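Reader: Hello! I would like a close look at a single strand and its surroundings, told as one connected story. Please start with its neighbours and work outward from there.

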Amino acid sequence: MTFSVQPLTSEHIRTIASWQYELPFSVYDLSEAECLSFLEPTNRSYSVLDQEQRLIGYCCFGAEARVSGGSSSQQATVLDVGVGMQPDKTGKGLGGSFVETVLEFGHAFSPAKFRVTVAAFNQRSLKTFYKLGFEETYTFQRSQDDMKFVQLARMVKPGRNR
């Protein structure tokens with residue numbers, strides 16, 4: 001499946017806010033208020049569409065993608081990346097091409113390295129990032145809810161920045 005990264009619309013925000021994930025993935029459910037922050041100009045948040053221009057997910061870059069408690073080392077050279085996929089599309093083998101599309105778009109921000117933060121229980125997501133060449137760099141437990149996270153990073157190949 002082919003994906004593209006496009007500007008978020010208000011309609012996309014309403015759709016993302018309606019997504020309901022099954023346990024334990026329900027920690028990824030977002031309220032409309034949380035999704036509305038994606039539209040702020042300082043937040044680098046985008047829609048990910050399929051080849052028929054249907055919303056399949058979203059992505060964000062920089063501060064919007066960070067999880068409190070994670071490592072913030074190398075902020076100037078590291079681009080934090082966040083992704084979310086429509087619940088009924090997860091676990092169907094689409095994650096690799098979905099994430100690669102997001103990372104390709106992320107080259108526009110000229111990072112030296114991409115970094116993602118994944119809930120430790122989310123083995124599907126971790127497996128996808130490991131397959132894409134990401135390596136574990138840091139683990140932590142978020143203080144407000146004791147949720148465990150894994151940070152992974154991947155160098156940007158020379159000549160890949162736009």
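Author: Happy to. In this predicted model, the strand to start from is β5, which pairs with β7 (residues 148-155) in the antiparallel sense over seven bridges. One place to find this pairing on your screen is F114, which stands opposite R154 in β7. A second partner is β4 (residues 78-85), and here the sense is parallel, with three bridges between β4 and β5. The residue to look for in this case is K113 of β5, which has V78 opposite it. The parallel pair also belongs to a larger arrangement: β4, helix α3 (residues 95-106) and β5 together make a right-handed β-α-β unit.

How many of the seven residues of β5 are buried? Seven of the seven, from 113 to 119, so the strand is largely enclosed by the rest of the structure. The cut-off behind that word is a relative accessible area under 20%. It helps to look at the two faces in turn, because side chains in a regular strand alternate between the two faces of the sheet. On one side of β5 you find K113, R115, T117 and A119, and on the other F114, V116 and V118; all of these are buried, so both faces are covered. Note that K113 and F114, the residues used above to find the two partners, sit on opposite sides of β5.

Now step to the loop that leads into the strand. Between α3 and β5 lies S110, a residue other than glycine whose phi is nonetheless positive, near 55°. S110 is partly exposed, with a relative accessible area of 42%, whereas the residues of β5 are buried.

The loop that leaves β5 is where F121 comes in. The model has 14 aromatic pairs. In one of them, the ring centres of Y28 and F121 lie 6.3 Å apart and the planes meet at 35°, so the pair is tilted. This pair bridges a long stretch of chain: F121 is in the loop between β5 and α4, Y28 is in the loop between α1 (10-18) and α2 (32-36), and 93 residues separate them. Are these two residues buried, or partly exposed? Y28 is partly exposed, at 28% relative accessible area, and F121 is partly exposed as well, at 32%. They also do not stand alone, since ring pairs join Y21, F25, Y28 and F121 into a cluster. In the loop between α1 and α2 there is one further detail to check, namely P24: the peptide bond between L23 and P24 is cis, with omega about 0°.

Y28 takes us on to the largest pocket, which holds about 1,200 Å³ of space. Its lining has 45 residues, and those closest to the centre are Y28, Y58, V83, G84 and N122. Where does the lining come from? At least two residues each are supplied by β3 (55-61), β4, α3, β5 and α4 (123-131), so the three members of the β-α-β unit, β4, α3 and β5, are among the contributors. The largest share, six residues, is from α4. If you are thinking about the chemistry of the lining, the classes are 22 nonpolar, 13 polar and 10 charged residues.

Since β3 is one of the contributors to the lining, it is worth a last look at its own partner, β2 (residues 44-50). The two pair in the antiparallel sense over six bridges, and S45 has C60 in β3 as its bridge partner. β2 and β3 form a hairpin with four residues between them. One residue in that turn is Q53, which, like S110, is not a glycine but has a positive phi; the value for Q53 is near 65°. Q53 is partly exposed, at 48% relative accessible area. β2 itself is mostly covered, with six of its seven residues buried. On β2 there is also an antiparallel pairing with β1 (residues 3-7), over five bridges, in which S4 stands opposite L49.

Terms used. Residues are numbered from 1 along each chain as its sequence is written. This is a predicted model: local features need pLDDT of at least 70, side-chain atom pairs count only at pLDDT 80 or more; totals for chains, interfaces and linings use all residues. Side-chain values use heavy atoms; hydrogens and water are left out. Buried means under 20% relative accessible area, exposed over 50%, partly exposed in between (1.4 Å probe, protein chains only). Two strands pair if DSSP finds at least two bridges between them. A crossover is right-handed if, with the strands pointing away from the viewer, the path from the first strand over the helix to the second runs clockwise. On a 1 Å grid over the protein atoms alone, a cavity is a set of points where a 1.4 Å probe fits but cannot get out, and a pocket is an open set with protein on both sides within 12 Å along at least five of seven lines; lining residues have an atom within 4 Å of a point. Grid points are joined across faces, edges and corners, and a volume is the space filled by probe spheres set on the points. Ala, Val, Leu, Ile, Met, Phe, Trp, Tyr, Cys and Pro count as nonpolar, Asp, Glu, Lys and Arg as charged, and the others, Gly among them, as polar. Rings of Phe, Tyr and Trp (its six-membered ring) pair if their centres lie within 6.5 Å; planes under 30 degrees apart count as stacked, over 60 as edge-to-face and the rest as tilted.
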